[in-house]
There are 4 protein chains.
Amino acid sequence: MFELDKLKDECGVIGIYSPKDESMAQKLCFGLVALQHRGQESAGMAILKDNKMKYYKEMGLVQEIFTKEVLHRLEGGDIGIGHVRYSTTGESYVANAQPLVVNYKGGSIALAHNGNLVNANTLRDELEEQGSIFQTSIDSEVIANLIARNYSLGLKEAIVKSMERIRGAYALTIICGDNLIGVRDPNGIRPLVMGKLGDGYVLASETVALDVIGATFVRDIAPGEMVIINKDGVDSSFFSTGQKCAHCTFEYVYFARPDSDMDGSNIYMTRRNAGRILAKNHPVDADMVIAVPDSGIAAAIGYAEESGIPYGVGLIKNKYMGRTFIQPDQSMRELAVRLKLNVLKENIEGKRLILIDDSIVRGTTSGRIVKMLKDAGAAEVHLRVSSPPVKHSCYFGIDTPSRKQLVGAVKSIDEICEMVGADSLAYISIEGLIESIQIPGEKLCTACFSGDYPMAVPKSANKFVFEKC
Amino acid sequence: MFELDKLKDECGVIGIYSPKDESMAQKLCFGLVALQHRGQESAGMAILKDNKMKYYKEMGLVQEIFTKEVLHRLEGGDIGIGHVRYSTTGESYVANAQPLVVNYKGGSIALAHNGNLVNANTLRDELEEQGSIFQTSIDSEVIANLIARNYSLGLKEAIVKSMERIRGAYALTIICGDNLIGVRDPNGIRPLVMGKLGDGYVLASETVALDVIGATFVRDIAPGEMVIINKDGVDSSFFSTGQKCAHCTFEYVYFARPDSDMDGSNIYMTRRNAGRILAKNHPVDADMVIAVPDSGIAAAIGYAEESGIPYGVGLIKNKYMGRTFIQPDQSMRELAVRLKLNVLKENIEGKRLILIDDSIVRGTTSGRIVKMLKDAGAAEVHLRVSSPPVKHSCYFGIDTPSRKQLVGAVKSIDEICEMVGADSLAYISIEGLIESIQIPGEKLCTACFSGDYPMAVPKSANKFVFEKC
Amino acid sequence: MFELDKLKDECGVIGIYSPKDESMAQKLCFGLVALQHRGQESAGMAILKDNKMKYYKEMGLVQEIFTKEVLHRLEGGDIGIGHVRYSTTGESYVANAQPLVVNYKGGSIALAHNGNLVNANTLRDELEEQGSIFQTSIDSEVIANLIARNYSLGLKEAIVKSMERIRGAYALTIICGDNLIGVRDPNGIRPLVMGKLGDGYVLASETVALDVIGATFVRDIAPGEMVIINKDGVDSSFFSTGQKCAHCTFEYVYFARPDSDMDGSNIYMTRRNAGRILAKNHPVDADMVIAVPDSGIAAAIGYAEESGIPYGVGLIKNKYMGRTFIQPDQSMRELAVRLKLNVLKENIEGKRLILIDDSIVRGTTSGRIVKMLKDAGAAEVHLRVSSPPVKHSCYFGIDTPSRKQLVGAVKSIDEICEMVGADSLAYISIEGLIESIQIPGEKLCTACFSGDYPMAVPKSANKFVFEKC
Amino acid sequence: MFELDKLKDECGVIGIYSPKDESMAQKLCFGLVALQHRGQESAGMAILKDNKMKYYKEMGLVQEIFTKEVLHRLEGGDIGIGHVRYSTTGESYVANAQPLVVNYKGGSIALAHNGNLVNANTLRDELEEQGSIFQTSIDSEVIANLIARNYSLGLKEAIVKSMERIRGAYALTIICGDNLIGVRDPNGIRPLVMGKLGDGYVLASETVALDVIGATFVRDIAPGEMVIINKDGVDSSFFSTGQKCAHCTFEYVYFARPDSDMDGSNIYMTRRNAGRILAKNHPVDADMVIAVPDSGIAAAIGYAEESGIPYGVGLIKNKYMGRTFIQPDQSMRELAVRLKLNVLKENIEGKRLILIDDSIVRGTTSGRIVKMLKDAGAAEVHLRVSSPPVKHSCYFGIDTPSRKQLVGAVKSIDEICEMVGADSLAYISIEGLIESIQIPGEKLCTACFSGDYPMAVPKSANKFVFEKC
């Protein structure tokens with residue numbers, strides 16, 4: 001166990017419109033560092049400068065990839081987009097890194113995509129039927145093909161027509177001609193915000209990316225909205241209306257950074273709210289509220305505030321755990337969790353603890369943490385989870401294990417409590433979570449908890465038949 | 001500004017005595033990961049297996065260096081030592097990485113050293129006078145030479161004689177013959193603890209290294225104590241007695257991990273105590289207590305508990321800021337602090353804040369943080385520092401800037417308050433800090449605050465005349 | 001001057017059909033090492049194993065790229081193709097490395113291409129008009145698109161239709177379905193040979209690739225021929241007939257390895273013949289015949305044999321000159337030629353030399369070599385060149401400088417002789433070169449010497465508008 | 001078989017005295033590239049600039065190590081030395097790379113050493129007895145210790161005293177104080193030459209290093225001579241006289257570059273002489289003389305000239321075989337020789353060949369080459385070797401296999417002939433080799449052929465007890 005038991009996000013995007021900006025690459029780089037939590041596998045950026053497109057993408061963290069030398073080669077620009085990516089193994093290679101940059105009839109186009117299309121295979125089949133070839137397994141290549149095939153309609157109409165074909169979750173930043181384009185799917189599943197930067201504009205998955213480059217938040221891009229940003233300013237239009245709004249709840253639970261604001265709610269505040277609601281609905285007498293760091297901290301503070309039980313630190317996280325670590329020997333495996341989390345024995349000894357975690361996915365880590373706490377002398381450990389049990393797979397850009405691996409899908413809460421060895425276990429309810437987010441429930445996607453998907457979801461897996469070693 | 005305004009530690013050491021241990025390299029690796037906060041520049045380990053010494057050391061983080069392949073080459077062992085290092089630029093190259101492994105009359109010897117000798121130059125001069133040559137600029141090479149020159153006295157006496165010559169701060173782990181040796185300087189400046197691991201033993205700079213390899217804490221090595229661990233068990237002896245005990249206070253303030261116990265006190269608890277004492281001595285009316293993460297969190301919680309003002313989160317740290325980052329353009333420089341720390345605007349807007357930092361060194365960061373908070377709408381920012389003003393250089397293993405760069409040495413508290421733009425500023429007193437640590441003041445070194453050094457300190461710099469590019 | 005003054009080839013290809021071959025990757029690797037002289041910029045291979053395609057391609061030399069670990073990941077296979085590439089700067093990045101592996105309606109297809117299409121831009125325009133997007137600047141992507149668009153016709157017809165559209169030089173190896181396919185352009189400009197390997201088959205640019213994997217030469221693939229190799233054996237068909245045969249003369253002059261046989265002639269023997277013809281047509285009284293190593297050696301031996309003047313060594317080549325070398329300071333620039341070639345003073349002092357070079361392109365090196373020889377004491381230096389003056393650009397896969405840089409295009413032979421400081425200078429005639437190759441002149445392309453191109457050639461440059469940094 | 005069956009040299013050295021030379025690092029780099037054939041495992045240089053020593057050394061080829069960036073860090077200098085190294089496995093790590101740079105009483109000293117000391121272990125024991133420690137397994141560390149211990153005698157006397165202690169083969173370049181020092185062992189086993197470069201001087205293992213930096217040859221350093229070069233010019237002195245001169249014969253046979261002059265003889269000319277003598281003493285009727293490239297070429301030309309049988313090319317060497325290559329599968333092993341050498345079938349078919357090799361060590365390659373030639377249709381293969389059978393180990397800087405692996409030591413010539421499958425086999429005699437070199441036999445070391453060592457040689461192996469992984 002080196003990875004804590006969390007779901008993985010799949011991407012973050014950014015786009016900057018700022019003509020003749022000497023620091024374009026550095027601004028994209030700052031923004032991508034701020035979005036790094038959304039994907040640590042690969043990163044890339046494409047920059048249009050004097051109508052010439054340059055790009056660079058690589059496996060690794062933003063700061064490893066964008067060295068002084070690489071930034072120098074990308075120096076200056078008018079429009080730029082960037083991307084950070086997480087992906088499941090097997091499709092994890094640099095050809096799949098984004099932005100995707102292609103040549104088509106209208107010139108060159110660069111795309112960065114956060115999300116997942118549910119009809120990608122169908123569209124790919126159809127495009128192949130018409131003679132298209134595919135070199136990657138990313139949905140962005142499908143989107144680029146659609147735009148290219150609708151080219152003759154003019155840019156705006158070509159994108160609209162393409163968006164009408166794709167179904168699923170997508171927040172896109174695109175460079176096409178002299179335009180920076182931002183698109184958000186009709187359900188508004190994945191987030192996308194717009195900011196102002198001097199005379200220019202910024203699009204990004206989260207507001208934190210605006211903060212680090214000195215941009216001011218303007219507004220969220222609306223579900224089904226497309227913005228075309230160029231020398232004439234921002235042109236907004238809707239290519240789809242009347243669809244159910246379905247913002248991803250898990251962004252609030254775990255993915256987004258606490259200092260981001262998303263569709264009107266601040267992430268930290270919603271998490272603290274969730275802790276308060278948990279305290280109200282699942283109180284327990286105890287001496288201290290502690291969090292599984294870092295993601296449980298806001299809810300733990302909320303729980304402490306509501307319950308009046310003091311907040312304290314019971315677990316210390318090692319800041320230096322990298323993304324990779326040598327597979328431990330059998331004899332060392334049990335200890336490996338301690339590399340990530342250690343117990344603050346002196347502070348929890350003899351105490352009745354309320355342990356707040358933001359979510360339980362497979363349930364593999366919780367048991368080890370409870371055991372560590374008890375071994376260190378905790379009198380009781382009451383586990384409170386600030387999201388409902390994860391029971392269903394996500395098809396909209398989140399890497400979820402198969403249902404049989406989701407402990408919430410295969411065990412009752414009592415069974416999970418016994419499995420993890422806690423003295424009691426409670427999850428926030430779906431209603432409680434919705435309340436914490438302060439967005440009406442009908443505007444949120446809670447499918448991973450409820451199974452209530454905002455659209456039909458596919459059965460089959462990716463059909464790709466080649467693999468880069 | 002990418003580095004927060006903190007002092008830098010210089011090293012961490014570990015030693016394991018565990019005959020025929022297949023996981024020796026992995027255990028050392030786990031321990032070094034747990035000690036990684038003590039040095040992120042280079043790391044290394046030396047392992048004795050069947051009387052043959054192997055070693056590997058490299059620039060970088062433990063997990064970057066000790067890949068599967070390297071661990072495989074180091075597989076198995078009887079005795080092992082390891083080291084993580086931080087150093088100032090200019091002497092930062094792999095020849096200076098530790099452990100130092102040398103051949104001498106008695107066979108091979110491996111040394112890992114945390115600390116700094118104040119008479120290294122004098123000893124080096126003297127040894128050179130006797131014909132010694134030096135290939136590195138680390139003190140460990142001086143120590144190895146002394147041991148080699150005293151070889152004929154027998155191992156124990158050779159080490160004792162060598163320790164009698166060196167002055168300064170040192171916690172050493174040594175492999176020599178079939179022995180694992182641990183030595184702590186007569187003042188006990190640098191920490192060193194002993195743990196039990198099955199039938200074997202572990203020595204380490206901090207108890208967290210014991211935790212991650214499943215060892216149980218036995219005791220701290222005492223000032224002036226040498227332990228020789230071999231098949232006959234642990235032989236303890238004192239090569240120096242009657243010296244003033246002078247444990248480094250800054251370990252409690254900032255260096256050590258909060259989950260470590262050091263000379264009888266838990267680090268987290270002492271930091272929380274410091275926060276409480278601050279609250280008692282420097283109260284202020286406010287709405288929320290926030291910390292400069294992560295090092296100010298314990299004191300902030302203590303301050304909140306004592307004052308009754310709620311603890312909250314006001315600053316979010318980016319977990320993905322690596323050790324290196326491209327130098328920002330002039331236009332981006334002001335923004336760079338945001339890559340490390342961002343304000344949680346929604347939680348602090350309109351509030352009167354008490355901001356807890358563990359220390360202020362140059363004072364460069366505090367002003368930016370105060371400004372960020374005020375720009376985000378904080379009504380007031382009262383800065384409270386859980387250590388006294390840093391006014392003097394350390395000669396015992398801490399990398400301190402020159403005195404004129406220490407803001408505490410050149411400005412009054414009022415001037416600093418004005419400089420950083422806080423509404424009020426207060427530091428804990430030296431007495432308060434001592435009280436928080438719960439070790440008698442006469443057993444602590446507070447020289448960086450008080451100038452009261454436990455021994456005479458040198459004037460001159462390192463005389464080394466070659467440099468590896 | 002670090003590169004000797006030679007034209008650059010652009011690629012080498014290989015293909016192996018050998019079901020259930022555990023050593024498939026290693027065989028491809030051996031073959032590519034044998035073809036390494038045809039391209040040192042990037043290399044790659046694609047392997048079909050149990051109907052699953054894997055591939056790996058990278059910048060660098062074959063042996064740097066295909067490490068033990070990479071070969072392990074590619075282990076086993078039924079059909080494989082490989083490619084080595086040289087390219088001009090600016091388009092030199094890994095996305096342009098080959099084989100190109102794509103997904104299309106019929107599954108996956110892998111292509112390796114040596115040559116250059118003269119109507120690539122036209123076809124790309126046309127394909128883009130139909131909605132295709134392009135991710136690289138290599139012609140192979142055009143070919144893959146054509147095949148994909150003709151998919152419904154069935155494999156064989158799809159390839160035939162595609163080949164009917166493309167014009168230029170191409171030797172292709174393709175994996176498509178269960179087939180290894182080899183195609184040679186209707187003019188037979190680029191070479192392609194077939195060999196037998198146990199029950200399987202090998203296709204390669206040169207026979208040397210057969211030798212190193214233990215295959216026996218069967219025959220050259222004919223101009224306009226396509227071979228489809230599968231479990232039913234070899235199916236040969238012609239998609240184009242009646243075109244002028246135009247084998248590239250420069251393969252014989254410089255590109256191909258001397259131990260290769262190409263379209264019926266052995267390279268070494270044709271070069272030796274050229275030397276003999278030079279001796280007959282351009283005799284001069286002298287003491288020794290020396291070569292510019294290594295490419296001039298065969299002709300020098302031929303010249304010596306014919307003239308009766310002894311062959312000797314006058315220039316020594318440094319075997320350790322890599323592909324890259326630091327740009328020398330101004331003061332060192334004149335010396336840099338010596339890093340590649342040094343004079344064997346003792347053997348040439350006081351002698352009248354005949355210096356044989358295989359070709360002169362820009363003329364930059366010849367002068368330096370003549371000067372080195374004279375400075376070392378050569379009494380006379382008579383330069384004889386075993387190819388005619390290079391006067392015209394190649395559009396069929398050879399990287400030629402612009403015409404104004406071709407010294408043969410802008411200066412008379414007398415002027416060149418004076419420029420290089422030789423005592424006399426003579427080139428073989430086009431007729432002489434043709435005679436040396438022992439293939440009728442009407443079956444050879446001598447366009448770079450004569451300007452007599454076998455087909456219309458384009459005027460415009462590549463229109464690509466994006467660039468990978 | 002990837003390495004041809006040759007002995008390995010162990011090092012090459014260079015030294016440049018050229019005050020305020022902006023191109024110092026580049027000059028050293030050029031010189032080391034010219035000496036690269038003497039060692040391809042590691043390379044390094046040390047430069048004194050304004051009395052400050054900088055150095056850089058690394059595993060790999062000169063051009064891989066000394067990148068633009070590294071050369072920039074080493075920019076400018078007054079005195080520089082450099083080294084290329086080959087070593088046996090197990091001691092092959094960067095700590096053993098040279099130059100060795102150490103600090104001693106007199107400041108810093110940098111040493112580069114080609115050769116091998118026969119009393120290194122004795123001296124190391126003795127120095128350890130006096131308290132020295134050793135961090136590498138290279139003899140240079142012994143030498144540096146000796147100089148340091150004799151420091152008080154003054155530089156010149158310290159070196160003389162040190163040289164009086166060491167026995168074996170050594171060509172040293174040293175930077176010490178403001179001096180560039182060159183030393184050659186009393187027997188003159190390893191080569192060392194001096195050249196003039198503007199107002200400065202160059203020392204190098206071979207004259208080719210002078211050529212590439214534009215220095216003019218002055219003279220060989222004499223056996224037992226030490227030159228101290230500084231602002232006062234060149235001070236020459238002899239620290240040992242009357243020892244038997246014993247220049248290494250194998251330098252002439254194989255190690256040195258053909259374009260080098262060594263102790264009065266040009267390498268190429270001596271090799272050609274050897275071929276002529278072979279022809280005289282071991283004639284055979286044949287159609288063509290061919291060489292094992294590249295080392296057999298000079299002797300083959302000599303043989304051809306003397307015998308009147310034409311010289312031709314029968315084997316082609318792949319220029320792109322790097323130092324490492326993936327271990328071939330069993331099925332590919334036999335083919336691996338073809339990666340290095342291929343037969344030029346068309347030129348040898350049906351012919352009676354005389355095959356010239358410069359030496360046979362283990363005999364592993366010769367058989368494969370003979371078989372390749374016969375398989376390709378050679379009517380007869382008569383093997384002629386331009387050095388006598390290698391029968392004895394070298395203790396003076398050459399890496400020889402153990403005696404039982406030396407085919408010349410364990411088999412008769414007839415047995416070897418049968419083993420390799422040649423139609424006849426003959427070696428040049430020791431007398432013949434001496435005659436070819438044109439230096440009196442009593443001034444040459446022929447120990448590897450004759451067992452007649454110029455001094456007593458050690459029995460025991462290196463006692464080093466630690467190993468870098």
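# Four chains and how they meet

Student: By what turn can chain B be laid on chain A?
Tutor: Happy to help! In this predicted model, chain B can be laid on chain A with an RMSD of 0.0 Å and a shift of 0.0 Å along the axis. The fit is a least-squares superposition on the C-alpha atoms of residues with pLDDT of at least 70 in both copies. The turn that does this is 180°.

Student: What relation is that?
Tutor: Chain B goes onto chain A by a turn of 180° with a shift of 0.0 Å along the axis. That is the relation of a two-fold axis.

Student: Which C-alpha of chain B is nearest the axis?
Tutor: A word on names: residues are numbered from 1 along each chain as its sequence is written, and chains are lettered from A in the order in which they are written. As for confidence, local features need pLDDT of at least 70 and side-chain atom pairs count only at pLDDT 80 or more, while totals for chains, interfaces and linings use all residues. The nearest C-alpha lies 3.8 Å from the axis, and it belongs to Lys319(B).

Student: How many residues does the contact take from chain B and from chain A?
Tutor: Two residues are in contact if their C-beta atoms, placed from the backbone, lie within 7 Å. By that rule, chain A gives 52 residues and chain B gives 54 residues.

Student: Which helix of chain B gives the most to the side that touches chain A?
Tutor: Helices are DSSP runs (H or I, at least four residues), as strands are (E, at least two), numbered from the N terminus. Five residues on this side come from one helix, spanning residues 24-34. That top contributor is helix H1 of chain B.

Student: Why do the copies meet through the same surface?
Tutor: We can compare the interface residues of chain B with those of chain A. The copies meet through the same surface because the share of interface residues of chain B that are also interface residues in chain A is 96%.

Student: How far apart are the nearest C-alpha atoms of chain B and chain C?
Tutor: These two chains do not touch. Their nearest C-alpha atoms are apart by 12 Å.

Student: Which element gives the most to the side of domain 1 of chain A that touches domain 2 of chain A?
Tutor: The bounds, from an automatic or database domain assignment, are 11-246 for domain 1 and 269-317 + 336-439 for domain 2 of chain A. Here 10 residues of domain 1 are in contact with four residues of domain 2 of chain A. With three residues, the top contributor is E6(A).
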